[in-house]
Amino acid sequence: MLDDLGASRQWPYMRFFSDNAASVHPKVLASLGTANVQDTAYDGDALSGQLNGVFSNLFETEVEALWVATGTAANSLALASMCKPHEGVICHREAHIEQDEAGAPGFYTGGGKLMLLDGAGAKLNPTDIDTHCKAIRDDVHQVQPACVSITNATEYGLVYSPEEVRAISQVCKAHGLKLHMDGARFANAVANLECHPADITLRAGVDALSFGFVKNGGMSAEALVFFDKDLAADTHYRRKRAGHLQSKGRYLAAQILAMLEDDLWLGNAKAANAGAQVLAEAAQERLLHPVQANEIFIKLAAEEAKQLRDAGFDFYDWGEGQARLVTSWNQSAEDIRPLADAIAAL
């Protein structure tokens, strides 16, 4: 712990700007020791060889799973498997693949266009997708959509229910489109819904999932899960070409296996979500969106934000008069209480 190093214990108690900055779960760190043996390079090792089976058990169907180092790579490789260079990806205007990935989806797809739609709380709705597709002429002068990408939980912490995902999937099927789910906070969505992970993916019509671990107690490994296994074949080559076929991939596989063992991924997400509810209760009328995962968006005047920062709390401004607070797996209700009390006292 930080105390053992003689450093300040600021982190769990005062910092709420991103779950990317949270510590790594001890079981994930310990897993690196199990991988620290001589084995086959790249993804031919024993640990990497377990991923397909473990994920297939989790989703109760046969899937193909690949490790990558980042969520950006997982999203972009998934979209590249669905979208040709002259085609398009329908996504929300505020989706991470549009706002925060520096054009990576276009780079990995070789020029695929992101086709941006609106929707409250950064959620797409099936009617808008259907209307958008019908407005595109079927000729060479217009980009033809190839797939839809949704984020669960969204950039505003809202969760797509199984019924909502299924409705989008039905529109996709009607227009011959594939469906990708950006699950950087997939665990938080499942924890909120208290559903089986297959209910909002495979059974709802998702073809590929970017399964996030780093935000949820992982260190440097994310998973790309293909429910449509035909999409996976070329992705092995794309992963190598993209520079993501790490020579010692067993260390990534070990991290993922540790997170999946005994549902550590789900327990961590439940802890982060519970922390968010502590802040939601304190914020009340300040809330800009329902709190369904581990992100809280609140109205906060500039002077109020300064007051909280002067007290030592760390968070992001999110537009004028707004702030984003993010709770993490390693923050208990007691850790979060000082910020909750400070917000309530404003």
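On helix α10, Tyr 237 and Arg 241 are exposed, where exposed means over 50% relative accessible area, buried means under 20%, and partly exposed lies in between, with a 1.4 Å probe and protein chains only. On the other side, the buried residues of α10, residues 232-241, are Ala 232, Thr 235 and Arg 239. They cover an arc of only 40 degrees around the axis, which puts them on the same side of α10; the arc is that of the directions from the helix axis to the C-beta atoms.

Please note that this is a predicted model, in which local features need pLDDT of at least 70, side-chain atom pairs count only at pLDDT 80 or more, and totals for chains, interfaces and linings use all residues. Residues are numbered from 1 along each chain as its sequence is written, and side-chain values use heavy atoms, with hydrogens and water left out. Helices (H or I, at least four residues) and strands (E, at least two) are DSSP runs, numbered from the N terminus.

Against what do the buried residues of α10 pack? They pack against β1 (64-68), α4 (71-82) and β7 (222-226), contact meaning heavy atoms within 4.5 Å.

Let us turn to β1. Five of its five residues are buried, so β1 is largely enclosed by the rest of the structure. Glu 64, Leu 66 and Val 68 point one way, while Ala 65 and Trp 67 point the other way. β1 and β7 run antiparallel and are joined by five bridges; strands pair if DSSP finds at least two bridges between them. Ala 65 has Val 225 of β7 as its bridge partner.
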